[in-house]
Every structure is written in C-alpha cells, then in structure tokens.
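Please walk through this structure with me, one region at a time, beginning with a single residue and its surroundings. I am new to it and would like to see how the parts relate to one another.

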Amino acid sequence: MKKKIAMRIMLVVGMIALGGWMLSSGAWAAAGITGSAHDFSGESWTGEICNVCHTPHNAGSELVPLWNHATTATDPFTLYTSSTLDATPGQPEGVSKACLSCHDGTVAIDSFGGATGSTTLASNDDHNLGTDLSNDHPISFTYDAALATTDGGLYNPTTETSGLGSTIEADMLVSGKVECSSCHDVHNSSGLDDLLVKSNATSALCLTCHDK
Amino acid sequence: MLPFLNRLLIRIKPEKITGFIYATVICAFVFNWMGVALAEGITGSVHDFSSQGWSAGKICKVCHTPHNADSTVEPLWNHELSNATYTLYSSPTLDGPIHQPGRASKLCLSCHDGTVAIDSFGGTTGGSFISGSALIGTDLSDDHPVGVEWSHQTLEGGGSAICAGCHNLHDSSFKMPLPFYEEGGTPRVECATCHDPHDDVPSTNGELLRKPLAGSKICLHCHDK
C-alpha cells in the first residue's frame, strides 16, 4: 500500500518536472506575439501587447501600419561597407526604422502613444544594435536579379524559392529591398528563436539568399 | 419574492449585520476582479448625457426617437447626420477593399468627426462639439480602417468549417463575439465592430470595447499575430 502511494507521488513529481523542463527549454515554444519577446503586457507601463507599436486611432507616420511608437531621430546611421559588397545600402527606412526605434538604443521601449518612457535597451544588451550598423548585415538595399548577376554569390530573388511558400522576393523583401523583416518576424509567427522567419539550422536562413 | 426577502431579513440578527456587510463588500471585490462588471449599460456611461442641460434629463433621445425618426437610417435615428466625405485609411498591407464609412460608423462619426454638434438632434441645431481624444475628425487615414470588407467566411479557405469556431450554433441569436455589418452586400468592419455605443459590455474592457484591451485581446481576436 505504502509502495503504491510512493509510486504515485513519484509519477506526479516526474510529470511536473517534465512539464517544467519542456516549458523552460522552449520545447513548447509557442508561435505568435503573445508570450514572445515582444509581449510587454506584463510590464506596468502597458498591460497590453499591440499598443506599444500600433494604435487604432491617431496613428503616427506610416513606417508600419498604424504606428504608435516614438520614431528614432538617428540620422545618419553608420552603414555597412565591404569590398565584397555590390549592393548599395541606404539609410534604414520603413519597417527597419521602426525596429531601430527601440533597437538602436536611443528611444525608450515605453515611449509610445505620445508618452516619453525611460526603459531603454541596455548598451551591453545583444538586442541593442546601436546607431553604428557597420558591423551588422546590411539592410535597406535593393536585391534584384541584376544584383544577383553582379555579385555572383546570390540567388535570383525573383525565381529562387524561399522555403516559405513562394520566391525570396515575394516572401522576404519589402518593396524589393532587404530589411530587418527579411530575416526576423516581429510578430513571432514562426515561434523560432530570435524571431527568425525560418529555421537557421545548418544556416538554412543564410543560404536562402547566399549561394555558397 | 418580496415576502421571501422580508423573512430572510427578519432572520438576520443585528449582531450579524456587520458580517453581512463585509460579505457583500468582499463579493463585490471578487466579482470585480473576475471581470464581472458591476455597472454595464448606457446609464452612467460616457454616452449618458442626461446631466447636460440640453438633454432635458434624457439618455436615448440624443440618438433615437420613438416618432418621426430619420427614415434614411435605422433604427429610429434622431441625431443630425454628418455630410462629411472622409479621407480613408490606406496601406500597402491592406488587402480588403475599403469604402466610405458604413452605417455602423457614420452614426458614430455624426458626433465624432467634429462637424456636427452633440446636441444637434430632434431637428434642433446645437453648439456642443466633441473634443479631446474622442474627436476623430474627417481624416481617417491615421485610424484603424472602417468600411473595410472582411470576408471572414472564407478566412484561410476554411469556409463553413470554421464558422463554429466563433458562432455558437446552439445559441438562438447566433451570438457573435465581434459583429460585422453588411453594407453593399458585403460584411464590413465598422466602428461598432469594436465599440458598443450602449456600453452593454464589461466596464473593465475600457473605451466601450466589446473585448478587453488587457493583453490586446480585442486586437488579437481578428489579427492572427
């Protein structure tokens, strides 16, 4: 009898431990913004999720739909250069500028809806890219068939499949340009680490565009 | 019911009344915490203008009248309608065709676009115009689209198989979590999709919203993010 009870207790403890490990290890990583790195609803300064970036009324400039966050004033950013670079990166624009409005470290995360916050990404935080983008993969450049031909090490985005359902151009580019959102999904629809749009196991994400 | 309550009250001994009051207060707190709003409905809401001199102490008549209503819009409309043409929302990511605001938006905008006074109703012209964050204006380009078609019946190609996910087939009213309004033969998102002008929703939702802002539940009801 005592043995039976002890076994039952061990079973329950074991199941709780297994459940805890699966949750903490990300084995059950849930897709979607709720519970993702961009869900700030647990912070005292919001309680909501969407309103940090979007608002249904009185939205700001159209960086992204119904933009509600304070926009970075950094101008210019230091851009990436390389002797092997054939593309021409421009100053971050549109969706990339929206990302950098927290991730360049100059604007507080809780600066939205007209309020000025105080929670800025720490300078030693990996998520703080700073205003010097010279050590980051280039963004805001046109990636077309001509660039692929000139470079020789890139797939033709108009014909090469992305692995996400259609071509690189259709699935990953914004108005024909590489932006932050080419690799990262701000809304975490995939549920992958670092909010990647597709798994980078065996560098599959890099090799989507780079013909190496 | 009354004799029963009477008998119940007689049985409560005076020394137990303090405990009874405590229990009532605790129940009220618990219900409030559970999201059971204690005050629902238009009375006492931001749309209750009965304390304004121009309403003659009435609530409904600012928008509705039982007689001689504006027959061009239902139901029993009594407020002066806005004649504004609106600047519509546009975005490269917007897929649904968008139109001028439909009925379930235009009635709201007849105060909230700021062109018609709140107290312009029943044939009289008033002078109290809306202001502050409730003033939307006639430029809707910085607002969530209204008058936008949303063919939710074919969402993700699921067709009728997905209906039961939202509509309770065993509810005679086919209760909808968020209503869409037919205009020109298509279901559309309008102001009243998110907001209930009669505030017949839990007051904890805020802003007359049909679902809570907390955790952005109202946004994520439609947006698959």
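In this predicted model, A:Ser111 touches A:His69, A:Ala70, A:Thr116 and A:Gly117, once residues up to four places away in sequence are set aside. A:Ser111 belongs to the loop between H2 and strand E1 (141-142) of chain A, and with a relative accessibility of 6% this serine counts as buried, because buried means under 20% relative accessible area.

The helix that comes before this loop, H2 of chain A, has buried residues of its own, namely A:Ser96, A:Ala98, A:Leu100, A:Ser101 and A:Cys102. These buried residues of H2(A) pack against helix H5 (180-183) of chain A. After H2(A) comes A:Gly105, whose phi is positive, near 80 degrees.

On the other side of H2 in sequence, the loop between helix H1 (2-25) and helix H2 (94-103) of chain A holds A:Glu93, whose side chain meets that of A:Lys177 in a salt bridge, with 2.8 Å from N to O. Because A:Lys177 lies in strand E2 (residues 177-178) of chain A, the pair ties together parts that are 84 residues apart in sequence. Both partners are partly exposed, A:Glu93 with a relative accessible area of 32% and A:Lys177 at 23% relative accessibility. Over all chains, the structure holds one salt bridge.

A:Lys177 appears again among the contacts of A:Phe141, which, leaving aside neighbours within four places in sequence, also include A:Ala87, A:Thr88, A:Pro89, A:Leu147, A:Gly176 and A:Val178. A:Phe141 is also part of the largest nonpolar core, a group of 14 residues in which A:Phe141, A:Tyr143, A:Leu147 and A:Ile168 have the most contacts. The elements that give two or more residues to this core are helix H3 (145-151) and helix H4 (168-172) of chain A.

Turning to chain B, how are the strands of its open sheet ordered? The sheet has three strands in the order E1-E3-E2, with antiparallel pairing, and its edge strands are strand E1 (148-149) and strand E2 (181-183) of chain B, each of which pairs on one side only. Strands of a sheet pair through backbone hydrogen bonds, either parallel or antiparallel. Between E1(B) and strand E3 (residues 186-189) of chain B, which run antiparallel, there are two bridges, and B:Val148 stands opposite B:Val189 in E3(B).

Conventions:
Residues are numbered from 1 along each chain as its sequence is written. Chains are lettered from A and ligands numbered from 1 in the order in which they are written. This is a predicted model: local features need pLDDT of at least 70, side-chain atom pairs count only at pLDDT 80 or more; totals for chains, interfaces and linings use all residues. Side-chain values use heavy atoms; hydrogens and water are left out. A salt bridge is a side-chain nitrogen of Lys or Arg within 4 Å of a carboxyl oxygen of Asp or Glu. Helices (H or I, at least four residues) and strands (E, at least two) are DSSP runs, numbered from the N terminus. Buried means under 20% relative accessible area, exposed over 50%, partly exposed in between (1.4 Å probe, protein chains only). Contact means heavy atoms within 4.5 Å. Two strands pair if DSSP finds at least two bridges between them. A nonpolar core is a set of buried Ala, Val, Leu, Ile, Met, Phe, Trp, Tyr and Cys residues joined through side-chain atoms within 4.5 Å.
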